[in-house]
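Trainee: I am new to this structure. Please take me closely through its core, and then through whatever surrounds that part.

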Amino acid sequence: MQAQTSLKFAAATALATILGLGAAQAQDLKFGAVGPKTGPLASGAAVTHFPNFQLWVKQVNDRGGLKLKSGQRKIVLIENDDRSQPPEAIKIVERLASVDKVDFILPAYSTGINLATAPIYAKYNYPQIAQAMVTDQGAELVKRYPNLFVFQAPTSAFAQGAVDVLKKMKDAGQIGDKVAMVNIADAFGIELANAGRDRLAKAGFKVVYDRSYPLGTQDLSPVMKAAKAAGPDAFVAWSYPPDTFALMEQAKIEALNVKAYYSAVATGFQGFYGKYGQLAENVLGAGGIQDSPEIRNYYKVHKEVTGVDADYWGSPLYYALLQTIEQAIEGVGAMDLPAITAHMKKNTYKTIIGDVDIRNQILSKVWTVGQWQNGFYHAVAGEGFSNYKPIIPKTNW
Amino acid sequence: MDIIIIGMLLGGTYALMAMGLQLQYGVARIMNLANGEMLIAGAFGTFWFYTASSQASPLWSLIGIVPLAFAANWIIYMVLILPLVKRAKNQGQLEVDSILATFGLSFILVGLLLAIVGGEYLTYSYLARPILIFNEPYGLNRVVAFIASAILCIGLYFWLQKTRPGLALRAVSVNPSAASLVSINVAQASAMAFAIGGAVTAAGGTILSMFLTFDASLGVIFTLKALVIVVMGGVADIRGAIVASFILGLTETAVARLIDPGLTLASAYLLFMIVLLVRPEGLFGRRSS
């Protein structure tokens, strides 16, 4: 029965794809997209992943399409749901490459799935410009996969950024040396907590509370009570969206009045500021963006076209990577995949986040820590940039 | 002291998750694996109400959500579950069939929720103020949730114990075939129990949405927790689920505070295993003779 069902499903999907393509003009370029529309990763992808693809494709088509030597070609986007599962994503990328024979495959979503699909992108020579991939193994991975580009900071850079910010505040006499640190008990949280722990010790901090909590914890008040009892000067949480929100609420209820409050993922979501408003002011978190008219315009247009508020971490980077792809393709002037990869290894590109340099297959400059200041999540730390927005100590809740 | 209060508050939260499933499984004998999705649907309804009404108290949304959930679950029972009940030769077969059917239903509901509200996280802030109990701050929204859950538990308990429809439900839960002999419409009573269970679950979602962040695919987490509580409490008695909720809440909080927050899940399942080993019929269950 299982086989029969999946056969039916495959047939239905194939049919849907054919119908979808049938509507497109024969000379249109086919861009394959893979990502989670269902499953645990869907909520992140609904903000950062798919809307950027849709926005970019619309803008390119409104301009008349990608400029190739053979003339302008419009893009048809083929979106596929990997159900948050790596095996499913592998099948989809394989199918996009071998059956649909698409002209380009956009990157997958999440560290695990980008890693899992990397061999398939490599096998068919598609450039894989992965943004939603946080890993410390970037340098080794790009050696193994010559077509892989890491459009994101490594894991340890996020820990380093947070510690840099705290150190700056400590040196300025704004906070003391006691830090409470909590993390979600999965690969992401544990890796960051380990990296953070060492770096905090090196920077002369004392970690007075250091605990993990399991995924899906419904009540974080015991954690916050204990953290407060430890009397910290700064609070750091390597957290995911549901707990980022819950920790903030508990911190306010417990009146955890620290001058530096950091929570990792989702702090840079507009929903975070939308929910907490003034309370979110001067809260620190992962990501961050340098303010510019182009960026402001990007947020405005993103909302208008997709109806979704872009976030302040992955979203602009995603758009920048699409601009990079666009310029590389137009630079080559043909859908010649190895030539496009080679182009990216030789050139830099102008995007909404400034000059993008991925010549070493790893994004050279990246922001790692953001802080809410007057409703904008400014970059206050990072790697490769020379100036950042000054950090403001948080006032009491 | 604060361990006991936090534990009680968490227990109240768990009771809200499990009460609906308890009614559906205990009386209607349907192990509803789509329970968590119903909870999320309630939470989404409240979120929508809260944003649309420019931040009126989310509790008002109960007026609309409870009857809607009741009706929806009634229809689900009539369309999806009743044919299974009719063709089931015995209790075991019905349980297996209903688990499979509601497992499928949970995917349909997730799909519907995704189609309607999208995959984003939905969260709002309501009553996120500290309230002092014995000079210790606690979240006011959690205290309100606890009170609502207490009212719901006591109300349901008395309704089941003291009223005629409640008596009929209990009779069905004890022995469906004997109940039909004393002119109880078993199908009607089961549909009633299933619909009330669904309404209670959705109401739980409304209340929990005041302090939890939801997305469309989180339902399974709540289903699992409710399942553990219902099985631990014993299938046939609503008091079992209430007591189990509080035991779980207190244990998890004590472990989080005294040992390590990382071990809360482990402690919950350890407790679950101990209960299953020592009293397989659950805390308040009847031993099958």
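Mentor: We will start with the core, then move out through the domains, the chain contact and a few single residues. Keep in mind that this is a predicted model.

Start with the nonpolar core that ranks as the largest. It has 220 residues. Six residues have the most contacts inside it. Two of them belong to chain A: L166(A) and F235(A). The others are A18(B), M19(B), I229(B) and V230(B). Which helix gives the most to this core? It is α8 of chain B, residues 186-208, with 13 residues. Chain A takes part through two domains. Domain 1 (2-154 + 293-366) and domain 2 (155-289 + 368-383) of chain A both give residues to the core, so the core lies between them.

Now zoom in on L166(A). Leave aside residues up to four places away in sequence. L166(A) then touches I175(A), V179(A), F205(A), A234(A) and A260(A).

Next, look at the two domains of chain A. Note how each is written as two stretches: 2-154 and 293-366 for domain 1, 155-289 and 368-383 for domain 2. Their centres, taken over C-alpha atoms, are 31 Å apart. Where they meet, 15 residues of domain 1 are in contact with 17 residues of domain 2. The domain 1 side of that contact has 9 nonpolar, 2 polar and 4 charged residues.

One residue of chain A is worth a stop here. E294(A) sits in helix α12, residues 293-306. Is E294(A) buried or exposed? Neither label fits: E294(A) has 13 C-beta neighbours inside 10 Å, so it counts as partly exposed. G274(A) is 20 residues from E294(A) along the chain, and their C-alpha atoms are separated by 22 Å.

Now turn to where the chains meet. Here 35 residues of chain A are in contact with 32 residues of chain B. Several elements of chain A each supply at least two residues to its side. They are α2 (42-48), β9 (206-213), α9 (221-229), α10 (241-253) and α11 (270-276). α10(A) gives the most, with 7 residues. By class, the chain A side has 18 nonpolar, 9 polar and 8 charged residues.

Go back to α8(B), the helix that gives the most to the core. How does α6(B), residues 164-174, pack with α8(B)? The angle is about 105°, and the axes are 10 Å apart. Angles from 65 to 115 degrees count as roughly perpendicular. The two helices, α6(B) and α8(B), are therefore roughly perpendicular to each other. From α6(B), the contact takes A168(B), L169(B) and V172(B). From α8(B) come V186(B), A189(B), S190(B), M192(B) and A193(B). These residues divide into 7 nonpolar, 1 polar and no charged.

Just ahead of α8(B) in the chain is a loop. S183(B) lies in it, between α7 (176-181) and α8. The phi of S183(B) is near 55°, a positive value in a residue other than glycine. Most residues other than glycine have a negative phi. S183(B) has 7 C-beta neighbours inside 10 Å and so counts as exposed.

F134(B) makes a good companion case. Its phi is near 50°, again positive in a residue that is not glycine. F134(B) is found in the loop between β1 (130-133) and β2 (136-139) of chain B. With 9 other C-beta atoms within 10 Å, F134(B) is exposed.

I133(B) belongs to strand β1 of chain B. It has 13 C-beta neighbours inside 10 Å, so I133(B) counts as partly exposed. I133(B) and D2(B) are 131 residues apart in sequence, but 8.9 Å apart in space, C-alpha to C-alpha. Beyond four places in sequence, I133(B) touches I5(B) and Y138(B).

Finish with G240(B), in helix α10 of chain B, residues 238-259. Is G240(B) buried or exposed? It has 24 C-beta neighbours inside 10 Å, so G240(B) counts as buried. Setting aside residues up to four places away, G240(B) touches G233(B), G234(B), G282(B), L283(B), F284(B) and G285(B). P130(B) is 110 residues from G240(B) along the chain, and 31 Å separate their C-alpha atoms.

Technical notes. Residues are numbered from 1 along each chain as its sequence is written. Chains are lettered from A and ligands numbered from 1 in the order in which they are written. This is a predicted model: local features need pLDDT of at least 70, side-chain atom pairs count only at pLDDT 80 or more; totals for chains, interfaces and linings use all residues. A nonpolar core is a set of buried Ala, Val, Leu, Ile, Met, Phe, Trp, Tyr and Cys residues joined through C-beta atoms within 7 Å. A residue is buried if 20 or more other C-beta atoms lie within 10 Å of its own, exposed if 12 or fewer, and partly exposed in between; C-beta atoms are placed from the backbone. Helices (H or I, at least four residues) and strands (E, at least two) are DSSP runs, numbered from the N terminus. Domain bounds come from an automatic or database domain assignment. Two residues are in contact if their C-beta atoms, placed from the backbone, lie within 7 Å. Ala, Val, Leu, Ile, Met, Phe, Trp, Tyr, Cys and Pro count as nonpolar, Asp, Glu, Lys and Arg as charged, and the others, Gly among them, as polar. Axes are lines fitted to C-alpha atoms, for helices over the stretch in contact, and angles run from 0 to 180 degrees between N-to-C directions. Angles under 35 degrees count as roughly parallel, over 145 as roughly antiparallel, 65 to 115 as roughly perpendicular and the rest as oblique.
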